[in-house]
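I opened this notebook to record what I looked up in one structure. The entries follow the order in which I worked.

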Amino acid sequence: MTEDTFIDLRSDTVTKPSLAMREAAKTAEVGDDVHRDDPTVNELERQAAQLVGMEAALYVPSGTMGNQIAVNVHTNPGQEILLERESHIYRWELAGASWISGLQTRTIDAGDRCVPTGEAVAEGIVEEDLHRPGTGLLSLENTHNYRGGVAVPKAHLDAAATAAHKADVPVHLDGARIFNAAVALDVPAADLLEHVDTVNFCLSKGLGAPVGSILAGEEGFIEEARRVRKLLGGGMRQAGMIAAPGLLSLENVDRLAEDHENAERLAAGLDAFDGFEVPDPDTNIVLAHTEGADLTAAALVDACEEAGVGASPFDTYITRFTTHLDVDADDVDAALSRIEGALTALPAE
Ligand SMILES: *Cc1c(COP(=O)(O)O)cnc(C)c1O
């Protein structure tokens, strides 16, 4: 713990690679991965596929690229992609589905637990005819980032996925934080994924790797995904240098429970501040609603930063705090007392 260092709760992407990860990078066996010659990348892809119960996996530079490759491989230009209204692919990937893959996006509302109901999916699917484009893909998200790291239970995922499959529409899961969901729900990630066709997850978030994500699915899908990765400029050469820390990051799945405990501790502390409303988090993302304190997210984030705590503005009155590998319970307590100090120092309006 940290007398004066900045406590960075902006995201779980801010973790720095451990000494062991740096050592692993230094000594990694490498080769040209575009030629499939990198043994470290091959091993990472093998272990990652196994961990999510899929046939094959592809190491990609980022979660955004993994999602966009999946979207591209599943669909044909001119089709629709069905997305939940607040999903990452819809909100935060630069309209990649239309830009890269020539798709029209159709958004639907989430039901309970941040996932569209089977009925909503069925209603949202468009059957191709002379006038209508046809739905090429349903994409779901777990944990749900924008809605506060909600861990979507298997039954909810299954209902949405089954409705899509009934109409012959494949299902991708944006599982950037799928292991946070698995740990929170106390089920293996592979179980949660039973009815989805492909999944993308980030090594560079709660798992603590410096770089990279994994796209997993059937063998034939991953073969095609490898071509699209090359097309997007993601064919990497001696990538074992970054895959080696990625392999170590897979050992960090179980310890995500600590991040969830720290998030609960943080949420309880923030909720006690005047006018703050902070729901108990499922996982490592805490959303502070501060309209009741007449405090905008921009003002809160500035005040936090001044006091030595990093946070992310999420909406006019919603600020996100994320716990991760590089903060412990003492850091959370220190962050809370710094924020409390900053709030008392704010000029009254
Ligand atoms: C972070 C995130 C991504 C994108 O991952 P990057 O590695 O930042 O490109 C995709 N989906 C969700 C839900 C995320 O939280």
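Before reading the sheet, I noted the criterion in use: two strands pair if DSSP finds at least two bridges between them. I also noted that this is a predicted model.

**Entry 1. Strand S3 and its partners**

I began with strand S3, residues 80–84. I found that S3 pairs with strand S4 (residues 104–108) in the parallel sense, over 5 bridges. Within that pairing, I located Leu83 opposite Thr107 of S4. I then turned to strand S5 (residues 135–141), which runs parallel to S3 and is joined to it by 4 bridges. Here I found Ile81 opposite Leu137 of S5.

How many residues of S3 are buried? I recorded 5 of its 5 residues as buried, and the strand as mostly covered. I next asked which residues lie on each side of S3. Glu80, Leu82 and Glu84 are on one side, Ile81 and Leu83 are on the other, and both faces are covered.

**Entry 2. The ligand and its shell**

I then listed the surroundings of the ligand. There are 13 residues around it, and Gly63, Thr64, Asp174, Arg177 and Lys205 come nearest. By class, I recorded 2 nonpolar, 6 polar and 5 charged residues in this shell. Which element gives the largest share of the shell? It is helix H3 (residues 63–74), which contributes 3 residues.

I looked up individual polar distances next. For Asn145, a polar side-chain atom lies 3.0 Å from an oxygen atom of the ligand. For Arg177, a side-chain N or O atom is 2.9 Å from a ligand oxygen. For Lys205, the corresponding distance, again from a side-chain N or O atom to an oxygen of the ligand, is 2.8 Å. I also noted how far the ligand is covered: taken alone it exposes 380 Å², and the protein buries 85% of that.

**Entry 3. Thr15**

I placed Thr15 in the loop between strand S1 (7–8) and helix H1 (19–27). Is Thr15 buried or exposed? Its relative accessibility is 7%, so I entered Thr15 as buried, the cut-off being under 20%. Leaving out residues up to four places away in sequence, I listed its contacts as Ser204, Lys205, Gly208, His324, Leu325 and Asp326. Lys205 therefore appears twice in my notes, as a residue that touches Thr15 and as one with a side-chain atom 2.8 Å from a ligand oxygen.**Entry 4. Backbone exceptions**

I closed with the backbone. Most residues other than glycine have a negative phi, and most peptide bonds are trans. I therefore recorded departures from this general pattern.

The peptide bond joining Asn142 and Thr143 is cis, with omega at about -5 degrees. I placed Thr143 in the loop between S5 and helix H7 (154–166).

Arg113, which is not a glycine, has a positive phi, near 60 degrees. I found Arg113 in the loop between S4 and helix H6 (118–124). With a relative accessible area of 32%, Arg113 is entered as partly exposed.

Asp186 also has a positive phi, of about 55 degrees, although it is not a glycine. Where does Asp186 lie? It is found in the loop between helix H8 (178–185) and helix H9 (189–192). I entered Asp186 as exposed because its relative accessible area is 70%, the cut-off for exposed being over 50%.

Note on methods: Residues numbered from 1 in each chain as written. Predicted model: local features only at pLDDT ≥ 70, side-chain atom pairs only at ≥ 80, totals over all residues. Heavy atoms only, no water. Near = heavy atom within 4 Å. Polar contact = N/O pair within 3.5 Å; in protein donor to acceptor, adjacent residues only side chain to side chain. Areas by Shrake-Rupley, 256 points an atom, 1.4 Å probe, with all protein chains shown as cover. Helix = DSSP H or I, 4+ residues; strand = E, 2+ residues; numbered from the N terminus. Nonpolar A, V, L, I, M, F, W, Y, C, P; charged D, E, K, R; others polar. Buried < 20%, exposed > 50% of the residue type's maximum accessible area, 1.4 Å probe, protein only. Contact = heavy atoms within 4.5 Å.
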